[in-house]
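Please open the model in your viewer, show side chains as sticks, and keep the selection tool at hand. The tour below moves from one selection to the next and says what is to be found at each stop.

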Amino acid sequence: MNRCSLVSWMAAPLLAVAATCAAQEAPSTLPAVQTIKPVPHPGLRTFPSTALVGVLRIDQVPNAQINGQPIRTTPGFRLFSADNKLIFAHTVLNQELRVAYVKEASTQWLLTAWILTPEELAHYAVKR
C-alpha cells in the first residue's frame, strides 16, 4: 500500500493555498524584536537554607574532607565553580576550597558544593 503518497498528493494543493493566503495577509514590515535585558548580577548566589559553609578538600573521589572531618560524596555529587559552572571533582583534588555545601539527608554524604567567591565568603562569614 502506498498511503503516504496518496495523502501527500491530496494535501499538496491545500498546503499551497494556505501558504498563499498567509503570505498575502502578512504585513510588509516585520515588527521590532523585543529584547530582554539581563538583570545585573549582584555577585551573590542563593543557596538552600540547609547549606553550610566550610573548607572542602577532595582526597580521592568519593572520599573528601569537610573542615578536616572525613566525608563521602554521593554518587550524584555536584561541584559548582565560583562562576556557577558544573566542574568535575577530580580536577580539584587535594585543593582546599571554601565552599557552601549540602549533605544528603539520610546518609549524611556530601551532595552538592559551591565554591564561594570572595564576596560570598565575606557575606556568609559575617552572616553565620
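Begin by selecting Thr112, which is found in strand 6 of what is, it should be said at once, a predicted model. Thr112 is buried, its relative accessible area being 6%, and this value falls under the 20% cut-off that defines a buried residue. If you display its surroundings and set aside residues up to four places away in sequence, you will see that Thr112 touches Phe77, Arg78 and Phe80, and also Ala100, Tyr101 and Val102.

Next, keep Thr112 visible and add Leu79, which lies in strand 3. The two residues are 33 residues apart along the chain, yet a distance drawn between their C-alpha atoms comes to 5.9 Å. Leu79 is buried as well, with a relative accessible area of 1%. Leaving out neighbours within four places in sequence, the contacts of Leu79 include Leu56 and Ile58, then Lys85, Leu86, Ile87, Ala89 and Val92, and finally Ala113 and Ile115.

Now turn to the aromatic rings. How many aromatic pairs does a search of the whole structure find? The search finds two. For one of them, select Phe47 and Trp114, whose ring centres are 5.1 Å apart and whose planes meet at 50°, so the pair is classed as tilted. This pair links distant parts of the chain, since Phe47 is in the loop between helix 1 (3-25) and strand 1 (52-60), whereas Trp114 is in strand 6 (residues 110-115), 67 residues away. Both Phe47 and Trp114 are buried.

Leave Trp114 selected and add Phe80: here the ring centres are 6.2 Å apart and the planes are at 10°, so the pair is stacked. Because Phe80 lies in strand 3 (residues 69-80) and Trp114 in strand 6, the pair ties together parts that are 34 residues apart in sequence. Phe80 is buried, as is Trp114. With Phe47, Phe80 and Trp114 shown together, you have the one aromatic cluster that these three residues form.

For a contact of another kind, select Arg72 and Trp109. The charged end of Arg72 sits over the ring of Trp109, at 5.2 Å from the centre of that ring.

The remaining stops concern the backbone. Most residues other than glycine have a negative phi, and most peptide bonds are trans; the next three selections are worth viewing with that in mind.

Select Val61 and Pro62, which are joined by a cis peptide bond with omega of about 15°. Pro62 is found in the loop between strand 1 and strand 2 (63-66).

Move on to Asn67, in the loop between strand 2 and strand 3. Although Asn67 is not a glycine, its phi is positive, at about 50°. Is this residue, at 46% relative accessibility, buried, partly exposed or exposed? Asn67 counts as partly exposed, because that class covers the range between the under 20% of buried residues and the over 50% of exposed ones.

Finish at Gln108, whose place is in the loop between strand 5 (96-103) and strand 6. Gln108 is not a glycine either, and its phi is likewise positive, at about 65°. With a relative accessible area of 43%, Gln108 is partly exposed.

Conventions
Residues are numbered from 1 along each chain as its sequence is written. This is a predicted model: local features need pLDDT of at least 70, side-chain atom pairs count only at pLDDT 80 or more; totals for chains, interfaces and linings use all residues. Side-chain values use heavy atoms; hydrogens and water are left out. Rings of Phe, Tyr and Trp (its six-membered ring) pair if their centres lie within 6.5 Å; planes under 30 degrees apart count as stacked, over 60 as edge-to-face and the rest as tilted. Helices (H or I, at least four residues) and strands (E, at least two) are DSSP runs, numbered from the N terminus. Buried means under 20% relative accessible area, exposed over 50%, partly exposed in between (1.4 Å probe, protein chains only). A charge sits over a ring if NZ of Lys or CZ of Arg is within 6 Å of the ring centre and within 35 degrees of the ring normal. Contact means heavy atoms within 4.5 Å.
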